[in-house]
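Thanks, everyone. I have one model to take you through this morning, and I will keep to the ligand sites and one helix. Please have the structure open.

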Amino acid sequence: MSRSAPLGAPAEAQNVLAITPFRRLWISLSLSNLGDWLSLLALVSLAAIFTAESSTLVHYLAVTGVVAIKLAPAVLLSPLVGSLADRLDRRWTMVGGDVLRGLLYVSIPVVGLLSSGFALQWLLIASLLAEIVALLWTPARDATIPTLVPKRMLGQANKLTLLATYGAAPVAALLFAALASVSNLLGALVPSMANPEADVALYLNALTFFVAAIVVASLPLPKHAVSKGSLSPNRDANTIHAVLAGRTAVGSGPLVRGVVTGLAVTAAAGGLVLGVGRPHVENLGAGNAGFGVLVAALFLGLGLGVVSGPRVLKQFSRRRLLGLAVVLGALALLFTGAISDMVLSAVLALVLGLGAGLTWVIGTGLISVEVEEEQRDSAFALLHGTGRLALLLGAVLAPLAAGFAGDHEIPLGGPLTYDLYGSGLVLMAGGLIAVVAAVVAYRQANTGDPEAGPGLLPELFAALRGVTPTAEEEEEARLTGAFIVLEGGEGAGKSTQVRELTVWLRDQGFEVVGTRQPGATKLGMRLRGILLDRENSHITDRAEVLLYAADKADHVEQEILPALRRGAVVISDRYVDSLLAYQGAGRDLAVEDVGEISAWATQGLVPDLTVLLDVRPEDGLSRLGGPADRIESESVEFHTRVRKGFRSLAEANPDRYLVLDAREPQEKITREIQRRLRPLLPDPIDSSSEAVTGMIPVIRPEQEA
Ligand SMILES: Nc1ncnc2c1ncn2[C@@H]1O[C@H](COP(=O)(O)OP(=O)(O)O)[C@@H](O)[C@H]1O
Ligand SMILES: Cc1cn([C@H]2C[C@H](O)[C@@H](COP(=O)(O)OP(=O)(O)O)O2)c(=O)[nH]c1=O
């Protein structure tokens, strides 16, 4: 179906959480992730608290150090450690990893208590060790999921894992804010704690890891052969490699460049807020609670953007919306820096997260629809890689730059002064650069848009009023199903295969529409009656073309297009090739003329795959029972021309055809078609739901057990 988007996902009726081992693993993952995010906030806060008395530069540098240690290993080192992880037992890697991380996090406040001089150093060392352990733990987790969940439910399982990973962030941030707001109480209860909220966050964090370890230890995991083969680093996990390899995808047009630039801008903006957020809220007079709220707002906005993206302004150009989302994120960053108010900063962080989330879903959506299949994988790899690198660079460079810029008091004359802090300066400067880059991204994404409608504002107003810009655009956006056609001469076995495939696909949870031409609609039934009635031998060749074409027009508009818009898989017994072969080649009319008429009648809808069951007319006709209809009773020469017609159509377009010998046993033919169809069916992971940030490596669709 040349106009369509990728295939629709199977309607997943069952709930993957009903699988007990997966549910337990998922709970343990959610706990570990919650602990992980909590530790990021606690460590940044501790680093800020430990250096509160030091110079501004040291203060900011300590924050830089923690952020770099928490984020960099996952982005830069995962391929090296990932291949080592393949050689270890998964269960014990996860259990050991959780226990070790728990112990390391407990050790941070304990060492702080025993030797305050060594506290900051140990904090940095222990967090680095914990991150290295996490690098081994993540691939073990990723490889365990496919062993617990049937293949067809992997997509759902991966979405839930992503939810556990990123959904944990706002929960952890709010929890941290809550802890901070009761810190006086905590301090009074346990007077020996130097930094109550950060210490309690770390103890809680350790507890989540210990519980996660117990859950995983008791999981009934199937034994797996520990890989002893050569090291095989996962290409996608290596961010730098992915970015380098994906550069070729940039050549595929300004759209990819626009999406990559846009994501880099919003990811870096998010990184800036993570990086200088703690010192920034301190400058605004809010401590740890403010930092928790800021991070929670950022991630809530992100989640909101990802979830609402596909539904926002449905009738508005996706390319323009992408550009606007990037601009929105950049402006939010600029204002966060310029406005010294905690509540407004939190609202702006939410808007920034929203912009980043929208950029991510709209960008990935555009790439999966508009980038050629061969380029698509490298475009996604490039997108993931740049997003993660930009986030890391933003988060690490921001406190560094803020430290060098320093905090200043600008006299405004008289007793009035304006406090210009390094953190605010970095956010504003970053915001300015981001706005410029966002405008570039907007232009790139909208260069050469074949469907560019009226100007931005008229289209925006029209979309807000709910006016459809063009009927075509709307259709384009909505064809998400798959269209498969079976063709061939009389008695080739088409109806038999349509039946088999329908059952097979329904079993996998797809909505399937098995249909045929002519005669699938009310009008079609009447036309079929006229066309196949042997009494109607007077029908002229041209009239015959138009009658079959009328059936197709009705069928496409009333049945096929609505089903494809719903995301169904449509399998049709005969389509336009029958018209070209029977009326074009068979009747000896000009195939080009017949082609034009059928393209007009079918609104240009082309199948994703046409299976030609090739059969000699004598063999096919001999399989049929009952009296021959008007077409079946044509001469063998006519049917031989039809067969040639089909074969030359398939030869002219081998990518879109599967030609099979109809004399083969029926089951073998079914298997061959299934094999060809499988890669066309939806990927178990929905690419639009993949990770936007790089804290934890992107979950890969499938890994061999
Ligand atoms: N691969 C096959 N080998 C032998 N007979 C077959 C095969 N596929 C189908 N048939 C039989 O041939 C006849 C015609 O099949 P059918 O699917 O109705 O063909 P079509 O729809 O192409 O006219 C049926 O009796 C069917 O059982
Ligand atoms: C769809 C279509 C069918 N036909 C012919 C082929 C068939 O002989 C007839 C449809 O009959 P049908 O019984 O559906 O085919 P089969 O017997 O192979 O299952 O109409 C055309 O000539 N042009 C067309 O465009």
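Ligand 1 in this predicted model has 15 residues around it, and those that come nearest are Gly493, Lys494, Ser495, Thr496 and Gln666. Which helices each supply at least two residues of that shell? They are helix 18 and helix 25, the latter running over 666-677. The largest share, 3 residues, comes from helix 18. By class, the shell around ligand 1 has 4 nonpolar, 6 polar and 5 charged residues.

Now the annotation. UniProt, in an unreviewed entry, places a "binding site" feature at Gly488, Gly489, Glu490, Gly491, Ala492, Gly493, Lys494 and Ser495. Gly493, Lys494 and Ser495 are thus named by the record and are also among the residues that come nearest to ligand 1.

Two of the annotated positions deserve a look. Ala492 sits in the loop that joins strand 3, residues 482-488, to helix 18. Gly493 is in the loop between strand 3 and helix 18 as well. Are they buried or exposed? Ala492 is buried, because 26 other C-beta atoms lie within 10 Å. Gly493 also counts as buried, because it has 21 C-beta neighbours inside 10 Å; the cut-off for buried is 20 or more.

What do they touch, leaving aside neighbours within four places in sequence? Ala492 is in contact with Leu613, Val615, Gly620 and Ala662. For Gly493 the contacts are Leu613, Ala662, Gln666 and Ile669. Leu613 and Ala662 therefore appear in both sets, by the contact criterion of C-beta atoms within 7 Å. Gln666, a contact of Gly493, is also one of the residues that come nearest to ligand 1.

On to ligand 2. Its surroundings comprise 14 residues, and the closest are Gln517, Ser578, Leu579, Tyr582 and Ile631. Helix 18, residues 494-507, and helix 21, residues 576-586, each supply at least two residues of this shell. Helix 21 gives the largest share, 4 residues. The shell around ligand 2 divides into 5 nonpolar, 4 polar and 5 charged residues. Note that helix 18 supplies at least two residues to the shell around ligand 1 and at least two to the shell around ligand 2.

Last, helix 2, residues 56-76. Its 21 residues reach 29 Å from first C-alpha to last, close to the 30 Å expected at 1.5 Å a residue. There is nonetheless a kink of about 30 degrees, centred on Ala68. Helix 2 is mostly covered, with 15 of its 21 residues buried.

That is what I have.

Note on methods
Residues are numbered from 1 along each chain as its sequence is written. Chains are lettered from A and ligands numbered from 1 in the order in which they are written. This is a predicted model: local features need pLDDT of at least 70, side-chain atom pairs count only at pLDDT 80 or more; totals for chains, interfaces and linings use all residues. A residue is near a molecule or strand if its C-beta atom, placed from the backbone, lies within 6 Å of it. Ala, Val, Leu, Ile, Met, Phe, Trp, Tyr, Cys and Pro count as nonpolar, Asp, Glu, Lys and Arg as charged, and the others, Gly among them, as polar. The expected span of a helix is 1.5 Å times one less than its number of residues. The bend at a residue is the angle between axes fitted to the seven residues ending there and the seven starting there. A residue is buried if 20 or more other C-beta atoms lie within 10 Å of its own, exposed if 12 or fewer, and partly exposed in between; C-beta atoms are placed from the backbone. UniProt positions are given in the numbering used here, feature names are shortened, and annotations may be inferred rather than shown by experiment. Two residues are in contact if their C-beta atoms, placed from the backbone, lie within 7 Å.
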